[in-house]
Amino acid sequence: AVARVAGGGGAGESEGECVIRYKEEAGRGELLAAVQRCNSYALREFTPLLVGDEQVGWLNPTVLEALTTQLAVGRACEHVEASMLRSEAAAAAAGQCENGFAVRIAPGASGAKERSEFAAALVEELVEDGVIPRSKLRHELQDVHPFSAGFVAAGGGVAPVLRMERASMIYFGVPSYGVHVNGWVRDPRRPSSREPSAMWVATRSMSKATYPGLLDQMVAGGQPTALTFDENVRKECEEEASLPPEVIAAIEPAGSVSYRYATPKGLSTKVLMTHDVEMPQGLQPLCSDGEVEQFRLLPIAEVLRSLREDLPVWKPNSALVAIDFLVRHRLVSESEPGYAELVRLLRQRVS
């Protein structure tokens, strides 16, 4: 189990309360603060969600209590004691939580279609009970795969174990994925140097439903199951930044940033696939989908200063991706306070 990080977010906070405390606690001058912010949870408080003996998510106490009637009936979902699980990973996950059991969804279902029908019934019950606001439903299904499979793109040859309403995923603790692209430029006075001297930073549109007006990567977006990571990167770069084909072709995968934190909805688990691209001198990104207020080219020193002193102006997970970029390009030294913990938390285990 991962201990709750000191100063981290509480599972009972509203988004507004979290943002207020985020502003009050920021400004310590250490990059570690930004990383701890997105790694605050106590895993013992969450119950593993299984399909068969494979884990697919986590349930917080609120959702677990809302499913009491369905658990008593045992058709749409059932309790499974840790000692009864054949999977060592699932048994270990159930054994470390406070109640010592897991919840298996659709235990008698014969396949993904029937499991999806049971999942839809559970979601509807949570909506009727007011746990999931009906107005937040997307009426869009997403594939659900076991933790052990990681992200599986459509056409990857691996069938989902079920499909679930997109807006309900966080309530069931199902991991989600995204792509972020760091656009950087070199110092024109040192054309032979590969060291980034500045970074393109986007200011999110004030019309965005989440984190309006905060700083973000040049390009970032959620990962739909209908696309591969590469396909999604190309789509987002065209829509959000109007990048020309030759620049998109030069984008390089740079690994991933992963994190997990407790929210009032559930255990939010994210894996962000990161990418870097050197932007030609004089080329400015141009937003074409209305999701970006403006793009600014910030010197690396200003990016670092902002992350240390003005952390609340950054979208939380975008701050992580920016720090990861700075670490990978050796723009943050090992003398940084909490360096080892910072690097570890950027690659948080999310299974």
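Two strands count as paired if DSSP finds at least two bridges between them. The model used in these exercises is predicted.

**Exercise 1.** Find the sense in which β3 and β4 pair, and place both strands in their sheet.

Solution.
1. β3 and β4 (residues 101-105) are joined by five bridges in the antiparallel sense.
2. Within this pairing, His-79 lies opposite Val-103 of β4.
3. The sheet is open, has four strands in the order β2-β1-β4-β3, and its pairing is mixed.
4. β2 (54-59) and β3 (77-81) each have a single partner strand, so they are the edges, and one side of each has no neighbour in the sheet.
5. From one strand to the next, the twist averages 35 degrees.

**Exercise 2.** Determine which residues of α7 are buried and how they are arranged around the axis.

Solution.
1. α7 (residues 229-241) has 13 residues and spans 17 Å between its first and last C-alpha, close to the expected 18 Å.
2. Taking buried as under 20% relative accessible area, the buried residues are Phe-229, Asn-232, Val-233, Glu-236, Cys-237, Glu-240 and Ala-241.
3. These residues cover an arc of only 135 degrees, which puts them on the same side of α7.
4. Residues three or four places apart in an α-helix point the same way, because there are 3.6 residues a turn.
5. The cover over the buried residues of α7 includes β7 (176-186), β10 (219-222) and α8 (245-249).
6. Ser-242, which follows α7, has a positive phi near 50 degrees.

**Exercise 3.** Identify the element that gives the largest share of the largest nonpolar core.

Solution.
1. The largest nonpolar core has 33 residues, and Leu-307, Trp-314, Ile-323, Leu-326 and Leu-342 have the most contacts inside it.
2. Elements giving two or more residues include α9 (300-309), α10 (316-328) and α11 (339-345).
3. α10 gives the largest share, eight residues.

Note on methods:
Residues are numbered from 1 along each chain as its sequence is written. This is a predicted model: local features need pLDDT of at least 70, side-chain atom pairs count only at pLDDT 80 or more; totals for chains, interfaces and linings use all residues. Side-chain values use heavy atoms; hydrogens and water are left out. The expected span of a helix is 1.5 Å times one less than its number of residues. Buried means under 20% relative accessible area, exposed over 50%, partly exposed in between (1.4 Å probe, protein chains only). The arc is that of the directions from the helix axis to the C-beta atoms. Contact means heavy atoms within 4.5 Å. A nonpolar core is a set of buried Ala, Val, Leu, Ile, Met, Phe, Trp, Tyr and Cys residues joined through side-chain atoms within 4.5 Å. Axes are lines fitted to C-alpha atoms, for helices over the stretch in contact, and angles run from 0 to 180 degrees between N-to-C directions.
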